[in-house]
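Here is a set of exercises to work through with the model open beside you. Try each task before you read its solution.

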Amino acid sequence: MKRLEKVKGTRDLLPEEMAKRRWVFERIREVFERYNFHEVLTPTFEYTELFKLRSGEEVVEQLYAFDDKGGRNLSLRPDMTSSVARLYVNSFQNAPKPVKWYYIANMFRYEEPQSGRFREFWQAGVELIGSDKVEADAEVIALFVESYLATGLEDFTVNIGDRVLLDEFARMLGVEDDIGLMRLIDKKDKMSREDFVGALREFGLSDESVEKVLALVGIKGLPDEVLPKAEELFTSDEAKAEIKRLYELVDLLDAYGVSKWIRIDLGIARGFDYYTSIVFEAIAPNDLGIGSIGGGGRYDNLIEVFGGKPTPATGFAIGIERLIPILEWKDLIPEPKLRPEVYVIPIGKDGEVRRAVVEVVSALREAGVRGDIELTGRKVRKALDYADRLGVPYVVLIGKRDLAKGKITVRNMQTGEQRTVEKESAVEEILRLLGL
């Protein structure tokens with residue numbers, strides 16, 4: 001019989017991996033909710049047209065698209081922002097603003113698997129809909145920083161760019177296909193300098209324009225150092241207003257207490273076409289070949305593209321598949337304890353003994369103890385060996401003779417010490433031993 005393998009670009013996540021993943025999710029979820037964002041979950045698949053409208057050419061090429069039995073062309077979601085925008089347009093245009101939603105969900109893209117990149121992957125993200133103020137940008141970026149900090153990660157930067165300034169730059173170069181230039185600039189970190197220069201020339205830029213692009217993407221660093229350079233480079237009223245917004249943003253992020261992690265990088269474009277102003281991404285130095293571990297930005301036109309009233313919005317997504325390997329590499333995720341705290345073993349097959357085993361483990365579980373019972377019919381010695389292999393700290397042994405006196409035996413697996421206790425006070429005694 002042919003062996004059935006998992007699909008390329010997917011993974012089976014085993015209990016230890018799931019425990020680590022859940023720990024990361026819980027840390028991030030806690031911060032999201034502290035900022036008063038509320039969880040939503042949209043369908044795993046949508047009409048393909050939704051993603052074609054505004055996701056960007058690269059993502060459209062990577063869609064898992066298919067016709068269902070009714071002939072409808074559907075796609076597994078490649079990101080959540082489009083689905084959230086559709087949900088907002090469908091049902092929440094008259095809701096009080098801002099709408100603050102978050103999600104932790106799986107996405108799908110048909111791309112070549114590599115370090116930190118899979119065809120099925122998870123993201124944790126937020127969307128703040130209904131405010132065009134710089135305060136909304138600051139709120140979202142501060143939350144972005146604090147989400148990483150909540151996992152114990154401290155060695156990272158959030159690099160902030162601006163699509164308005166990049167559009168202005170494209171006009172200064174006389175480039176008509178500004179989106180094409182954005183996509184090219186967005187891929188700069190994945191190419192050598194030589195390949196990037198070659199791609200710019202192939203795009204149609206003169207040597208002088210290529211030098212200007214290289215100068216632009218080199219403008220990055222601390223806000224106080226970079227923003228004055230931006231003021232020298234950009235002179236239009238629109239660009240000046242945007243630089244003023246960046247100064248205000250940096251000031252607010254300082255008030256949030258996250259300045260330490262903030263950098264300005266005018267070469268950031270982000271891959272999606274729908275970004276309209278401030279964009280940002282997180283980078284954590286590592287030896288794993290992993291680049292950006294998350295990003296986002298402002299998208300003030302997307303709601304309108306999906307048929308809604310013009311509505312400003314901003315948000316981000318954290319790449320869980322990229323974050324977790326870095327956290328493991330830095331030894332920041334606690335080692336999961338995949339074992340019971342107490343293991344209850346019957347001695348013999350007497351009906352009263354079996355009933356007492358269930359009663360004791362049920363009482364322990366009700367008291368908040370992770371308890372398990374012998375379910376395979378092992379003899380006592382083999383059951384103790386099994387508990388020892390699992391690293392169970394305490395075992396409860398229940399036999400007919402002790403039970404007749406209302407007693408059971410509690411064994412410390414580390415020391416081998418055993419003591420007989422009243423069955424009725426067993427839970428209290430075990431809670432004391434466990435320090436609970």
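**Exercise 1: the cores**

Of the 77 residues in the largest nonpolar core, which touch the most other members?

Solution. Keep in mind throughout that this is a predicted model.

Step 1. Val158 and Ile160 touch the most other members of this 77-residue core.

Step 2. Look at what each element supplies: H5 gives the most to the core, with ten residues.

Step 3. Now list the contacts of isoleucine 160, leaving out neighbours within four places in sequence. They are Ile141, Leu246, Leu249, Leu253, Ile262, Arg263, Ile264, Asp265, Ile268, Ile278, Val279 and Phe280.

Step 4. Another core, of 28 residues, lies apart from this one, and Tyr103, Ala105, Leu302 and Phe306 are among its members.

**Exercise 2: two helix pairs**

Describe how H5 packs with H11, and then do the same for H8 and H9.

Solution. Step 1. H5 covers residues 134–150 and H11 covers residues 237–256; their axes are 9 Å apart and make an angle of about 45 degrees.

Step 2. An angle of 35 to 65 degrees falls between roughly parallel and roughly perpendicular, so H5 and H11 are oblique to each other. Their crossing is right-handed.

Step 3. On the H5 side the contact uses Val134, Glu135, Asp137, Ala138, Glu139, Ile141 and Ala142, and on the H11 side Arg245, Glu248, Leu249, Leu252, Leu253 and Tyr256. Sorted by class, the contact of H5 with H11 has eight nonpolar, five charged and no polar residues.

Step 4. Turn to H8 (residues 193–203) and H9 (residues 207–217), which pack at an angle of about 130 degrees with axes 10 Å apart. H8 and H9 are therefore oblique to each other, and H8 passes H9 in a right-handed crossing.

Step 5. H8 brings Arg193, Phe196, Val197, Leu200 and Arg201 to the contact, while H9 brings Asp207, Val210, Val213, Leu214 and Val217. By class, the contact of H8 with H9 has seven nonpolar, three charged and no polar residues.

**Exercise 3: a covered helix**

How many of the eleven residues of H4 are buried, and against which elements do the buried ones pack?

Solution. Step 1. H4 spans residues 81–91 and is mostly covered, with nine of its eleven residues buried.

Step 2. The buried residues are Thr81, Ser82, Ser83, Val84, Ala85, Arg86, Leu87, Tyr88 and Val89.

Step 3. Their packing partners are strands E2 (45–47), E5 (99–108) and E6 (120–129), together with helices H2 (48–54) and H12 (302–305).

Step 4. Follow the chain onward to proline 98, in the loop between H4 and E5. A cis peptide bond joins lysine 97 to proline 98, with omega about -5 degrees.

**Exercise 4: serine 277 and arginine 298**

Is serine 277 buried or exposed, and which residues does serine 277 touch?

Solution. Step 1. Find serine 277 in the loop between strand E9 (262–265) and strand E10 (278–283).

Step 2. The cut-off for buried is under 20% relative accessible area. Serine 277 has 6% relative accessibility, so serine 277 counts as buried.

Step 3. Not counting residues up to four places away in sequence, serine 277 touches Gly161, Asp162, Arg163, Val164, Glu242, Arg245 and Arg298.

Step 4. One of these partners, arginine 298, is in strand E11 (residues 292–298). At 1% relative accessibility, arginine 298 counts as buried too.

Step 5. For a longer distance, go from arginine 298 to lysine 379: their C-alpha atoms are 64 Å apart, and the two residues are 81 places apart along the chain.

**Exercise 5: positive phi**

Asparagine 36 and aspartate 331 both call for a look at phi. Where is each found?

Solution. Step 1. Asparagine 36 sits in the loop between helix H1 (15–34) and strand E1 (38–39). Phi of asparagine 36 is near 65 degrees, a positive value in a residue other than glycine.

Step 2. Asparagine 36 has a relative accessible area of 45%, so asparagine 36 is partly exposed.

Step 3. Aspartate 331 is in the loop between helix H13 (320–329) and strand E13 (342–347). Aspartate 331 is not a glycine either, yet its phi is positive, at about 60 degrees.

Step 4. With 64% relative accessibility, aspartate 331 counts as exposed.

Definitions and conventions:
Residues numbered from 1 in each chain as written. Predicted model: local features only at pLDDT ≥ 70, side-chain atom pairs only at ≥ 80, totals over all residues. Heavy atoms only, no water. Axes fitted to C-alpha atoms, helices over the stretch in contact; angles between N-to-C directions. Helix = DSSP H or I, 4+ residues; strand = E, 2+ residues; numbered from the N terminus. Parallel < 35°, antiparallel > 145°, perpendicular 65-115°, else oblique. Left-handed = near helix turned anticlockwise from the far one by under 90°. Contact = heavy atoms within 4.5 Å. Nonpolar A, V, L, I, M, F, W, Y, C, P; charged D, E, K, R; others polar. Buried < 20%, exposed > 50% of the residue type's maximum accessible area, 1.4 Å probe, protein only. Core = buried A, V, L, I, M, F, W, Y, C linked by side-chain atoms within 4.5 Å.
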